[in-house]
Amino acid sequence: MNTLAHWGPALQFIVELLATAAFALSGIMKASRKGLDAVGVCVVGFLAAFGGGTLRDLLLDQRPFFWVRHVDVLWGVLALCVLAMAFMRQSHFQLTEKAIQWPDALGLGLFTAAGVSQALALELPGMVAVIMGVITGVFGGVLRDIVCNEIPAAFSDHRPYAVCALVGGWTDVGLSTLGVPGWVAMGACVAVTAGMRGLALWQDWQLPAWRP
Amino acid sequence: MNTLAHWGPALQFIVELLATAAFALSGIMKASRKGLDAVGVCVVGFLAAFGGGTLRDLLLDQRPFFWVRHVDVLWGVLALCVLAMAFMRQSHFQLTEKAIQWPDALGLGLFTAAGVSQALALELPGMVAVIMGVITGVFGGVLRDIVCNEIPAAFSDHRPYAVCALVGGWTDVGLSTLGVPGWVAMGACVAVTAGMRGLALWQDWQLPAWRP
Amino acid sequence: MNTLAHWGPALQFIVELLATAAFALSGIMKASRKGLDAVGVCVVGFLAAFGGGTLRDLLLDQRPFFWVRHVDVLWGVLALCVLAMAFMRQSHFQLTEKAIQWPDALGLGLFTAAGVSQALALELPGMVAVIMGVITGVFGGVLRDIVCNEIPAAFSDHRPYAVCALVGGWTDVGLSTLGVPGWVAMGACVAVTAGMRGLALWQDWQLPAWRP
């Protein structure tokens with residue numbers, strides 16, 4: 001109990017930091033592949049990184065936002081954008097679909113855990129907490145794809161993505177209901193979500209086609 | 001007066017419930033026609049159903065949201081999504097433009113009435129109340145079309161849609177200003193909006209072209 | 001000090017009014033070029049005019065919105081939409097890329113200044129104030145382009161746009177930190193942003209390509 005109160009905020013911070021970097025990278029890669037200019041790449045990087053969490057905080061009426069409380073993170077993401085662009089320019093690094101998918105899977109798990117735990121801390125119902133986790137995890141990428149003028153990949157590529165966040169979110173809610181310490185539930189959520197997404201990519205799982 | 005205080009919340013609830021189901025169905029149909037996967041169909045169904053009302057509540061700073069207060073409705077829409085997909089798969093049901101339009105017209109009327117009455121209850125000016133009604137009625141569909149990567153049909157198909165919500169909304173505001181009981185004004189708003197939309201579809205009305 | 005307290009709100013109002021008209025016009029022009037119907041032209045005009053400021057106010061949790069406080073402005077923009085459509089119909093006025101760019105440049109400067117000064121008044125960090133300025137200036141146009149189903153021009157046309165708002169925003173924050181009166185800092189922000197954008201259009205500046 002004491003440990004949780006002590007470690008909770010620090011853990012939450014580290015989780016959001018890692019997820020932010022992972023998603024910013026996925027946004028930078030997508031925008032560069034769509035041929036956006038340097039400004040567009042940075043904006044899409046920011047949107048992918050902060051979009052899901054900001055939307056969650058708007059819906060939960062939580063302020064100040066993560067990036068207002070920790071302005072350093074904004075500078076960090078900006079530095080990441082510049083470094084990534086410089087690196088890609090230097091090395092003629094060919095960005096493949098696969099290269100985008102791995103940071104994305106990690107970010108999905110981390111953000112889902114952050115979203116669920118924030119909603120549970122506000123004592124919202126389990127279903128709403130899971131939805132907040134899915135929104136936090138998925139909508140950064142959804143906004144990224146909408147700005148890039150594509151149907152969001154999460155909804156159209158027939159691979160499990162939001163489903164992983166859903167399963168991970170319910171794991172978190174279930175464990176929390178059983179009285180498991182918060183950091184264990186969060187860790188399980190990250191592991192289940194990112195692990196299931198990784199498995200899906202590795203084994204090439206397809207969502208069951210619902211129409212012949 | 002007493003009756004209104006008694007019936008107001010229940011009426012508001014039933015109106016939002018019916019409109020939610022109608023819009024979810026329109027979202028499910030649109031997403032399935034665009035070839036989205038099962039997850040995408042559910043998300044677009046949720047977005048069409050709750051998008052307009054949630055945007056209105058965000059703008060009016062009203063919380064908790066409809067779907068946080070009534071978590072059962074979330075389960076209901078989820079069940080509707082699953083049932084609709086199962087039914088469409090079983091029956092090889094061909095989804096036509098027309099099949100989408102009728103639940104959409106009903107939902108438009110019901111949501112517009114809900115939006116206007118909520119803004120009037122907050123004593124906002126008539127013009128703002130009408131805009132809130134139009135946003136509640138139209139923006140679920142707008143978000144649905146944006147996620148499906150189309151120009152929103154409401155703004156581009158040269159048929160009266162938002163215009164119906166506008167006329168219905170002013171009917172509601174006008175009657176309320178005249179001191180008519182709230183449920184009569186709401187009923188008139190639903191009837192005018194959905195009726196005018198139905199007439200427009202039946203008679204194939206076109207918005208006057210504003211450019212040669 | 002006394003002068004600022006006296007003139008600040010009036011200046012803020014005039015700045016937002018001019019920017020609103022400029023952006024509404026840019027939205028009307030874009031929507032008409034995309035072949036949207038009369039309703040779509042009005043909605044995109046409203047979205048371009050009020051989208052950036054409303055998003056800023058949502059993020060800063062500032063209410064009532066500009067357009068709820070000043071309902072007259074809504075009627076004004078509606079009149080502007082109708083007049084612009086009538087004028088374009090009468091005169092067979094050919095809308096060119098260039099015709100859109102000038103009101104857009106002015107609106108960008110005015111909105112950026114309004115956004116930065118509102119965030120500074122809430123004593124937010126400089127970086128956040130600049131981001132709010134950029135959001136206020138750029139996201140009306142971004143929403144306009146998303147609804148018109150295009151990749152936002154601000155992120156993809158390889159011309160300085162958001163960069164101008166960024167430079168203007170930092171000018172405002174820098175001058176304010178130095179203790180310069182608020183209206184001077186705002187004026188400098190408008191001049192730098194709109195001037196830099198104008199120069200960029202006139203001299204045909206390109207953003208440095210970051211990829212060979």
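This passage walks through a predicted model, from the make-up of one chain to the way the chains meet.

A good place to start is chain A. This chain contains nine helices and zero strands, and its pattern along the sequence accordingly reads α-α-α-α-α-α-α-α-α. Of its 212 residues, 53% count as buried. The contacts within chain A can also be sorted by how far apart the partners lie in the sequence. Among contacts with a separation of 6 or more, 73% join residues that are 24 or more positions apart.

The next step is to look at how helices pack, with a pair in chain B as the example. Two packed helices are described by the angle between their axes and the distance between the axes. In chain B, helix H6 spans residues 126–147 and helix H8 spans residues 162–177; they pack at an angle of about 140°, and their axes are 9 Å apart. Angles under 35 degrees count as roughly parallel, those over 145 as roughly antiparallel and those from 65 to 115 as roughly perpendicular, so H6(B) is oblique to H8(B). Their crossing is right-handed. On the H6(B) side, the residues that take part are Gly126(B), Ala129(B), Val130(B), Gly133(B), Val134(B), Gly137(B) and Val138(B). Facing them from H8(B) are Ala162(B), Ala165(B), Leu166(B), Gly169(B), Trp170(B) and Val173(B). Sorted by class, this contact holds nine nonpolar and four polar residues, and no charged ones.

With the helices in view, attention can turn to how the chains are arranged. Two copies of a chain are related by a rotation about an axis and a shift along it. For chain B and chain C, a turn of 120° with a shift of 0.0 Å along the axis lays one on the other with an RMSD of 0.0 Å. That is the relation of a three-fold axis. The residue of chain B that comes closest to this rotation axis is Asn149(B), whose C-alpha is 3.9 Å away. Chain A is superposed on chain C by a rotation of 120° as well, again with 0.0 Å of shift along the axis and an RMSD of 0.0 Å. In chain A, the C-alpha nearest the axis belongs to Asn149(A), at 3.9 Å.

The surfaces through which the chains touch complete the picture. Between chain A and chain C, 20 residues of chain A are in contact with 21 residues of chain C. On the chain A side, two or more residues come from each of helix H2 (38–60), helix H4 (71–91) and helix H6 (126–147). H2(A) gives the largest share, six residues. By class, the residues on this side of chain A are 14 nonpolar, three polar and three charged. Only 15% of the interface residues of chain A are also interface residues in chain C, so these copies meet through different surfaces.

Between chain B and chain C, 20 residues of chain B are in contact with 20 residues of chain C. At least two residues of the chain B side come from each of H6, helix H7 (153–156) and H8. Here the largest share, three residues, is supplied by H6(B), the helix that also packs with H8(B) inside chain B. The side of chain B that touches chain C divides into 14 nonpolar, three polar and three charged residues.

How values were computed: Residues numbered from 1 in each chain as written. Chains lettered and ligands numbered in written order. Predicted model: local features only at pLDDT ≥ 70, side-chain atom pairs only at ≥ 80, totals over all residues. Least-squares fit on C-alpha atoms with pLDDT ≥ 70 in both. Axes fitted to C-alpha atoms, helices over the stretch in contact; angles between N-to-C directions. Helix = DSSP H or I, 4+ residues; strand = E, 2+ residues; numbered from the N terminus. Left-handed = near helix turned anticlockwise from the far one by under 90°. Contact = placed C-beta atoms within 7 Å. Nonpolar A, V, L, I, M, F, W, Y, C, P; charged D, E, K, R; others polar. Buried ≥ 20, exposed ≤ 12 C-beta atoms within 10 Å, placed from the backbone.
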